[in-house]
Amino acid sequence: MKNLVILGAGTSGTMMANHLVSKLPKKEWQITIVDQYKTHYYQPGFLFLPFDIYTTKQVKKNGKKFIPKAVDYIQEKIELILPEDNTIILESGKNVPYDILIIATGTKIAPDEIEGMDGPEWYKSIFDFYTYEGAKALRDKLREWKGGKLVVHISEMPIKCPVAPLEFAFLADSYFKHKGMRDKVDITFVTPLGGAFTKPKATKALHYLLEEKGIKEVTDFAIERVDYENKKIIDYADTEVEYDLLVTVPTNMGDALIERSGMGDDLNYVPTNKATLQSLDHQNIFAIGDATNLPASKAGSVAHFEAEILTDNILRFIKGEELKEEFDGHANCFIETGNGKALLIDFNYTHEPVEGTFPFPGVGPLNLLKESRTNHMGKMAFRWVYWNMLIKGIHIPFVSATMSTKGKHLEEVE
Amino acid sequence: MRKIISQTEIEVNEEGYLTNFSQWTEEICECIADEQGICMTERHWEVIKYIQEKHNNDEPLSIRGIKKSGVIDIKEFYSLFPGGPLKKATMIAGIPKPKSCI
Ligand SMILES: Cc1cc2nc3c(=O)[nH]c(=O)nc-3n(C[C@H](O)[C@H](O)[C@H](O)COP(=O)(O)OP(=O)(O)OC[C@H]3O[C@@H](n4cnc5c(N)ncnc54)[C@H](O)[C@@H]3O)c2cc1C
């Protein structure tokens, strides 16, 4: 019997377990998946939890429900990977040997990377919404907040779901409007990048949204520290931004397990072949989702496209065939713009988001790079799709793993 | 786009970044720095050499990478290249502006 071990039962790990269980011969392969938590969180829902749009129940479920019965599910923290010995060590000291390893341990926030961030004001006047705890604490804060300066801030790139902070600012605008207190709230968006939207076409098409919603923008802000006593963030160029309520996305890093095992880059991401998803250092180790160092967006939709290609490549690897160099960085994201509307963007390593229709060329029903109610319905339906199709590894009809250029208004790319 | 700098014609993109590194020389480098309001010192050269080396090894450039470089700390990096230090230093070094994913 051979062993295929999956580390992490989040979006990517759960999808891989579901894909592989029906593809690997049961007599020859035992599949094992390991995760430290019982709960599977719907992370895209963390954007909506602070505004009371989703309830806590809608964003978490028992993880075991989504793991096929034939897969061995170990609920324990992973201590170490020993790639030279083809073994992992669990917290209890137990060894689990593998023939093939899939790393799907994701990324998480590291607020202690920035001085003063997770100090005495953490979850008092400084919040994140990238964790269940943070999003819930922020919801309670917003319910009673009387207004003032709201600063929505990105510490450092890359972060998962890079548009989520901007969506947060848009949703905050409509949240305070509905509460009849928008005039008491000043919203500023602070980013280390050159603009709120980083790709030129998206900037051109979308900058009006910030103006329309009266959201101020501070760009090229590389945070040095949070002065929590005087309530301001300070960057290396000594620019200061004052806040009453700071909603920040702290530095995102791969799990410390990757660092302990000596397998990561500066941010604990696993160096991975961007087209095949094989790790660069070990042939029988593959990586998927947020845990990789791919120059693609860290998003559930990206992991979904990767999973289809990785499944193929694992089967090829077992047969001793050459791996397919197929992954193109395809990402497909809804961007919530508030007031019941959303945008849709579709892009990859080489094509930036453009206007057009999706998934049917010329028909839609979804409009690329344009605000609409249908897109918002799409974003809301994504939660159902996530729990019922995506993590179960069911192919989403009409949407291919590699990006399609049909129906898009493409211009020459350099 | 073409641009004449220090009596030499070079190829640059819309933002003024060299598109062909083989055209880069120390004189051109000093002229670009000058246009950015920077007067090159020993320290500037050390940093420029460091980021060129990173670029040649295909290693992505970031503020975090600079912090760990051992060559310079971020405060000094900002004081040497005021404004957007990575953007300015890469332009002066003749390499592409660091990419940021959406
Ligand atoms: C606020 C927010 C909004 C988002 N919105 C969207 C969106 O609209 N669309 C979209 O496509 N994506 C969105 N995302 C991103 C999406 O949720 C992630 O990209 C996706 O979940 C990545 O899946 P993953 O399996 O790689 O990592 P995860 O789902 O994070 O799973 C990693 C798993 O590994 C486990 N693990 C890690 N280390 C260890 C260890 N040492 N021992 C044991 N277990 C371990 C963790 O417990 C976790 O369960 C959003 C994310 C956030 C935070």
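## Two chains, two domains and a ligand

The contact between the chains takes 15 residues from chain A and 12 residues from chain B, where two residues are in contact if their C-beta atoms, placed from the backbone, lie within 7 Å. The side of chain A that touches chain B divides into 9 nonpolar, 2 polar and 4 charged residues. For that split, Ala, Val, Leu, Ile, Met, Phe, Trp, Tyr, Cys and Pro count as nonpolar, Asp, Glu, Lys and Arg as charged, and the others, Gly among them, as polar.

A word on the ground rules. This is a predicted model, in which local features need pLDDT of at least 70 and side-chain atom pairs count only at pLDDT 80 or more, while totals for chains, interfaces and linings use all residues. Residues are numbered from 1 along each chain as its sequence is written, and chains are lettered from A and ligands numbered from 1 in the order in which they are written.

Now for chain A itself. Its domain assignment gives domain 1 (2-108 + 253-319) and domain 2 (111-251), with bounds that come from an automatic or database domain assignment. Taken over C-alpha atoms, the centres of domain 1 and domain 2 of chain A are 30 Å apart. Across the join, 15 residues of domain 1 of chain A are in contact with 18 residues of domain 2 of chain A.

Here is how three sets of residues divide:

| Set | Nonpolar | Polar | Charged |
|---|---|---|---|
| Side of chain A that touches chain B | 9 residues | 2 residues | 4 residues |
| Side of domain 1 of chain A that touches domain 2 of chain A | 8 residues | 3 residues | 4 residues |
| Shell around the ligand | 17 residues | 12 residues | 6 residues |

And where does the ligand sit? Both domain 1 and domain 2 of chain A give residues to the shell around the ligand, so it lies between them. Of the 35 residues around the ligand, A:G8, A:G10, A:G106, A:G289 and A:G300 come nearest; a residue is near if its C-beta atom, placed from the backbone, lies within 6 Å. Helix 1 (11-21), strand 2 (29-35) and helix 6 (300-319) of chain A each supply at least two residues of that shell. Helices (H or I, at least four residues) and strands (E, at least two) are DSSP runs, numbered from the N terminus.

Strand 2 also belongs to a sheet. In chain A, 5 strands form an open, parallel sheet in the order 5-2-1-9-20, and two strands pair if DSSP finds at least two bridges between them. Strand 5 (72-75) and strand 20 (285-287) of chain A are the edge strands, each pairing on one side only. Strand 1 (residues 2-7) and strand 2 of chain A pair in the parallel sense over 6 bridges, and A:I6 has A:I33 in strand 2 as its bridge partner.
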